[in-house]
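Got the viewer open? Let's take a short walk, beginning at the ligand and ending in the sheet.

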Amino acid sequence: MVRHDILQLLAAHPQEYVSGERISQQLNVTRAAIWKQIKALKAEGFEIEGQTKNGYRLLKMSHSLNEWALEQALTTTLLGRTLYLEDELASTNVRAKELAHLGGVHGLTVLAKYQSGGQGRLQRQWESPQGGLWMSVVLRPDLSLADASKLTLAASVAIVDALEELFQVRIGIKWPNDLVYKGQKLAGILGEVLGEWNAVQTLILGMGVNANFTRECLSAPLNATTLYEILGYEVDLNLLAATILKYLEKELIFLEKRAFERLRLSWTERAVGLGEEVRILRGEQVFQGTFKGISIDGALLLETEAGEKIFSAGEVQLRSKMSGYF
Ligand code: ADP
């Protein structure tokens, strides 16, 4: 793609001018075509200075999603190495499912700058305005169906680790897969097993992080926050995506070695409500007790008056007393 070639050339000479003539010769494109692509790059958020005499100079990379910039930021071996980035999708999970059906490889990653029909668990809606990180990864790991919920736990830990490394913010995990900051939801995860989990095991791991937009972009009743609200500046979404994929790949390698205890501990360290009195809602049923931790399979352990009960994710919701059981 000419646009990415131009970007590559400018990025190879940071803060220096690259003449239009040189770009034109090297990439075999007209001066008019270069100008058009530079304009498009500026619209994507790249700061490029153009001078008739000296040429073009890249001053700042874009913070919004860009395939080339994301590829540059990747440090993974497999995750994100096949990338699809769209301006708009109904849902990255739905697109990732389609691509997986068409033979999409392990690690294939789909991103959208905006989702018109983002999904949460149990067919709930996930609001996905511009500026967020809406990403789904196709995973075909060497794991069994019973391990599927561990992958969503791994995704929670990966996002928390990435946010800590990049922005030094400490995020809590609300079982099973909500990431919260001071009680408000910052990110969510949706793991979906694809078809029959037998010979080829496929899981679509959707991750949504409220990043570069204000709280006002989400509907009022939501108990939510965004990275912009927390940090006060816009983050580099390419670096964020790449860092999450780095940690996810790391967790995946441990899981494939059947080293789950490690993940269980890192998850537990970040858990919200542990040791506290909570309520578990399963349809109309309500269970009350102390949140003891998670089992080796990622199920929630609840100490009730009638003894210990185990709840697997997917069917139940957790409410803590701290937030008025809501
Ligand atoms: P739960 O947190 O109840 O397990 P899900 O993980 O399925 O729910 O996420 C869907 C729910 O999250 C929605 O019903 C809505 O309340 C809330 N929500 C939707 N979009 C966002 C968003 N961008 N940020 C925070 N919360 C959201």
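Start by selecting the ligand in this predicted model and showing what surrounds it. You should pick up 13 residues, with Arg121, Arg124, Glu127, Asp178 and Lys185 coming nearest. Color that shell by class and you'll get 5 charged, 4 polar and 4 nonpolar residues.

Now for the polar contacts. Click on Asp178: one of its polar side-chain atoms sits 2.5 Å from a ligand oxygen. Hop over to Arg124, where a side-chain N or O atom is 2.8 Å from an oxygen atom of the ligand. Then try Asn210, which brings a polar side-chain atom to 2.9 Å from a ligand nitrogen. How much of the ligand does the protein bury? On its own the ligand exposes 570 Å², and the protein buries 85% of that.

Next stop, the strands. Select residues 109–115, which make up strand S4; 6 of its 7 residues are buried, so "mostly covered" is a fair label, with buried meaning under 20% relative accessible area.

Which strands pair with S4? Add residues 83–89, strand S3, and you'll see a parallel pairing with S4 over 6 bridges. To find your place along that pair, label Leu89 and look across to Gln115 in S4. Bring in helix H5, residues 92–101, as well: together with S3 and S4 it forms a right-handed β-α-β unit.

Finally, select residues 133–139 for strand S5, which runs antiparallel to S4 and is joined to it by 4 bridges. Label Thr109 here and you'll find its bridge partner in S5, Val137.

Terms used: Residues numbered from 1 in each chain as written. Predicted model: local features only at pLDDT ≥ 70, side-chain atom pairs only at ≥ 80, totals over all residues. Heavy atoms only, no water. Near = heavy atom within 4 Å. Polar contact = N/O pair within 3.5 Å; in protein donor to acceptor, adjacent residues only side chain to side chain. Areas by Shrake-Rupley, 256 points an atom, 1.4 Å probe, with all protein chains shown as cover. Nonpolar A, V, L, I, M, F, W, Y, C, P; charged D, E, K, R; others polar. Buried < 20%, exposed > 50% of the residue type's maximum accessible area, 1.4 Å probe, protein only. Helix = DSSP H or I, 4+ residues; strand = E, 2+ residues; numbered from the N terminus. Pairing = 2+ DSSP bridges. Right-handed = clockwise from strand over helix to strand, strands pointing away.
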